[in-house]
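Trainee: I should like to work through this structure with you, step by step. Where should we begin?

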Amino acid sequence: MANFFSKLLNSGAGSLIDSLSNAIDKNVTSDEEREALENELAKAQMQYDVQKATLGLQEAQAYLGDVGSARDNQSRVQESQYSSVLAKNIQPMLAILIIGVTFWMYWYIIFSGEDVLTKTPAMKDIMIYILGALTTVSTQVASYFFGSSQGSADKSKSISELMKKKGE
């Protein structure tokens, strides 16, 4: 019976503890049996929490390992005497191009004198899509070259989780 509760809780059903406690109260006759089952439930919940924390840690380590690997690779290319000028400069050149195109598009829409976004509805949708994609890529470029804030990502995740809970 303990394996059943462990499997149930490990599959993400930790919110069912109250319902199970009520069922246990109705079906368990002695205080010793009730205490033993409650201990098993508490143990299963702790195992679930430990596994969840371990998976979160492994995910963070994988992410940081991926970022470190990419930066190490770029460092090796920069330091190699056999790398071509293009190989050594392609990342900064693409970064400058991406950010330049993004700012040019914003400038063009704002200061061109034409009302680009209202010419046709299809053109407006295309321009907004392109600007969104370029803005996202520009943010990634800036994060790569100037660092990104994991704390900011964690804060955004916390805010999203709170909004989900509020909506329920």
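Mentor: Let us begin with a definition: a residue is buried when its relative accessible area is under 20%, exposed when it is over 50%, and partly exposed in between. Please bear in mind that the model before us is predicted.

Trainee: By that definition, is S138 buried or exposed, and in which helix is S138 found?

Mentor: S138 has a relative accessibility of 12%. The cut-off for burial is under 20%, so S138 counts as buried. As for its place in the chain, S138 is found in helix α5, residues 121-146.

Trainee: With which side chain does the side chain of S138 make a polar contact?

Mentor: S138 touches I98, I99 and T102, when residues up to four places away in sequence are not counted. For one of these, T102, the side chains make a polar contact at 2.8 Å. The partner is therefore the side chain of T102.

Trainee: Is T102 buried or exposed, and which residues is T102 in contact with beyond its sequence neighbours?

Mentor: T102 lies in helix α4. Its relative accessible area is 5%, and therefore T102 is buried. Leaving aside neighbours within four places in sequence, the residues in contact with T102 are L134, T135 and S138.

Trainee: How many Å apart in space are I98 and V137?

Mentor: I98 is also found in helix α4, and at a relative accessible area of 22% I98 is partly exposed. Beyond residues up to four places away in sequence, I98 touches V137, S138 and V141. I98 and V137 are 39 residues apart in sequence, and their C-alpha atoms are separated in space by 7.5 Å.

Trainee: Against which helix do the buried residues of α5 pack?

Mentor: The buried residues of α5 are M127, L131, L134, S138 and V141. Among the contacts already named, T102 is in contact with L134, and I98 touches V141. The buried residues of α5 pack against α4.

Trainee: What is the accessible area of the nonpolar patch that includes L94?

Mentor: L94 lies in helix α4, residues 85-111. Because its relative accessibility is 43%, L94 counts as partly exposed. L94 forms a nonpolar patch on the surface with L86, I90, M93, L97 and V101, and together their accessible area is about 520 Å².

Trainee: How far apart are the end C-alpha atoms of helix α3?

Mentor: Helix α3 has 49 residues, 31-79, and at 1.5 Å a residue they should span 72 Å. The buried residues of α3 are L37, L41, A44, Q45, Y48 and Q74. The separation of the end C-alpha atoms agrees with the expected span, at 71 Å.

Trainee: How far does α5 reach from its first C-alpha to its last, and which residue follows α5?

Mentor: For the 26 residues of α5, 38 Å is expected at 1.5 Å a residue, and the helix reaches 37 Å, which is close to that value. After α5 comes a residue whose phi is positive, near 90 degrees: G147.

Trainee: To conclude with the whole protein, how many helices are there, and what percentage of the residues is buried?

Mentor: The protein has six helices and zero strands. Its exposed area is about 12900 Å², of which carbon and sulfur atoms supply 61%. Of the 168 residues, the buried ones make up 14%.

Methods: Residues numbered from 1 in each chain as written. Predicted model: local features only at pLDDT ≥ 70, side-chain atom pairs only at ≥ 80, totals over all residues. Heavy atoms only, no water. Helix = DSSP H or I, 4+ residues; strand = E, 2+ residues; numbered from the N terminus. Expected span 1.5 Å × (residues − 1). Buried < 20%, exposed > 50% of the residue type's maximum accessible area, 1.4 Å probe, protein only. Patch = residues over 30% accessible without salt bridge, like charges linked within 9 Å, V, L, I, M, F, W, Y side chains within 5 Å. Areas by Shrake-Rupley, 256 points an atom, 1.4 Å probe, with all protein chains shown as cover. Salt bridge = Lys/Arg side-chain N within 4 Å of Asp/Glu carboxyl O. Contact = heavy atoms within 4.5 Å. Polar contact = N/O pair within 3.5 Å; in protein donor to acceptor, adjacent residues only side chain to side chain.
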